[in-house]
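Okay, I think everyone's here, so let me get going. I'll put the structure up and then talk you through one part of it.

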Amino acid sequence: MPVNFQWKEGNEAELLINGSQYFPSVFDAIRAARREILIETFIIFNDEVGQELKGALLDAAARQVRIDVTVDGYGTADLDSEYIAELEAAGVNLHIYDPRPRRLGMRTNLFRRLHRKIVVVDGEVAYISGINFGWDHLPDKYIMGKQDYGVRVRGPIVEDIRRVARTLLLEHEAVQELPETLASCPPVGESKMRLVIRDNDQHPTDIEDHYIGAIRSAKSRLVIANAYFFPGYRLWHELRNAARRGVEVILILQGRPDMPWARMFSSSLYSYLLKDGIQIFEYKEHPLHAKIAIADHDWSTVGSSNLDPLSLSLNLEANLFIRDARLNQQIHDHLMALIDSSCRMVTPEAADRGRWWRAPLMLVSFHFLRHFPLSAGWLPGHTSRLEPLTAKPREKQRTPN
């Protein structure tokens, strides 16, 4: 079932910074639901955030709201059976994307992850973000809580977000009865939006293509904050071209990474980017989990897609691309404040340290990444699927640390 979306007028967007803003907004929407809740997420933890999510879903189920929650088979592999059983018993429809058996205790479903973070309530309000349901998206409370972003949207764009969530369920025959339509969403604001997804069928390069289009057309400024930054040649080349023609290009990347390899790969690019005038800042206060960018004075994007091989070549991802001068300025002001308060500027001298071993790594990596989308299509050799997520006996609970 191909899904092709166009720009839609008449929307409004609210920027949500970190779980401290995102979770209360999502949970309030769930508590107000009357007919339908659709959720896609990479991770649910059974912790303070997961418990509040469960409570809101149980209350909605008691009101006879139709609920479909889809999680990833890698990210949510360890959700305990008691948590699942409570939702099952209440009538919540739980699905798991591409579950795979463990081998020698290791998860084997490393690729083709459901990495999208989507919430749609009653076909009236929707959320797109990079935020999972867990404690580690609360940087106000935990030093290793992640800095991240989402948007709450209303207007005609909600119909497209609902459609893409329904399509995943229907393509995999995960549901037998799913309401076909809800009332159409009237215009409510001035934002122009387009939903863009990445999959391994009809839309393998759509998100990357939209990034490249914005970079090519930028005239004054580009600001990208991205957690796992190791793009392929096309995107890297366009960033350098933008800086060469006088566009102010700023990258905000991880300085306190949750996964050390992420910074190692990103830093291998620093020298080559800096010499063309691109400014690089490392965010030091918390792990950076952002997937957000602005171009010039009205274009922005928020969503789940990193700029790395997993997101650009393998995962199922979803980003909103938004034309809204007010939102663009809000994101710009926030990111500039983040640079001033919590970032360290990368200098050419610092970037050159260890260049003797990073240069060969970059050469090999970029040669590989140029052909990565094609070769990744061969591995792993299986068809991804959705299955019901059901409680299993004697499953150990995961305790966050």
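I'm going to start with one strand and its neighbours, then move to a cavity, and finish with the cysteines. Keep in mind that what you're looking at is a predicted model.

So, the strand I care about is S3, residues 66–72. Is S3 mostly covered or mostly open? Mostly covered: out of its seven residues, six are buried.

Now, who sits beside S3? On one side, look for strand S2, residues 36–41, which runs parallel to S3 and is joined to it by six bridges. If you want a spot to click on, take glutamate 40, which stands opposite threonine 70 in S3. To get from strand to strand there's helix H2, residues 48–62, and S2, H2 and S3 together make a β-α-β unit that is right-handed.

The next partner is strand S4, residues 93–97, and here the pairing with S3 is also in the parallel sense, over five bridges. Threonine 70 turns up again, this time opposite histidine 95 in S4. Here the chain leaves S3, passes through helix H3, residues 81–90, and arrives at S4, and this β-α-β crossover is right-handed.

One general reminder while we're on strands: in a regular one, side chains alternate between the two faces of the sheet.

Okay, cavities. How many cavities of 30 Å³ or more does a search of the whole structure find? Three. I'd like to show you the second largest, with a volume of about 50 Å³.

What lines that second largest cavity? From the S3 stretch you'll see Val69 and Val71 among the lining residues. The lining also includes Tyr83, Ile84 and Leu87, and those fall within H3. H3 gives the largest share of this lining, three residues, while S3 and H3 each supply at least two. The rest of the list is Ile44, Leu79, Leu94 and Leu389. As for chemistry, the lining of the second largest cavity has nine nonpolar residues, no polar ones and no charged ones.

Last thing, cysteines. How many disulfides does the structure hold? Zero. Still, have a look at two of the cysteines. Why does cysteine 185 count as buried? Because its relative accessibility is 10%, and the cut-off for buried is under 20%. Cysteine 343 also counts as buried, because its value is 17%.

That's my bit, so over to you for questions.

Technical notes: Residues are numbered from 1 along each chain as its sequence is written. This is a predicted model: local features need pLDDT of at least 70, side-chain atom pairs count only at pLDDT 80 or more; totals for chains, interfaces and linings use all residues. Side-chain values use heavy atoms; hydrogens and water are left out. Buried means under 20% relative accessible area, exposed over 50%, partly exposed in between (1.4 Å probe, protein chains only). Helices (H or I, at least four residues) and strands (E, at least two) are DSSP runs, numbered from the N terminus. Two strands pair if DSSP finds at least two bridges between them. A crossover is right-handed if, with the strands pointing away from the viewer, the path from the first strand over the helix to the second runs clockwise. On a 1 Å grid over the protein atoms alone, a cavity is a set of points where a 1.4 Å probe fits but cannot get out, and a pocket is an open set with protein on both sides within 12 Å along at least five of seven lines; lining residues have an atom within 4 Å of a point. Grid points are joined across faces, edges and corners, and a volume is the space filled by probe spheres set on the points. Ala, Val, Leu, Ile, Met, Phe, Trp, Tyr, Cys and Pro count as nonpolar, Asp, Glu, Lys and Arg as charged, and the others, Gly among them, as polar. A disulfide is a pair of cysteine sulfur atoms within 2.5 Å.
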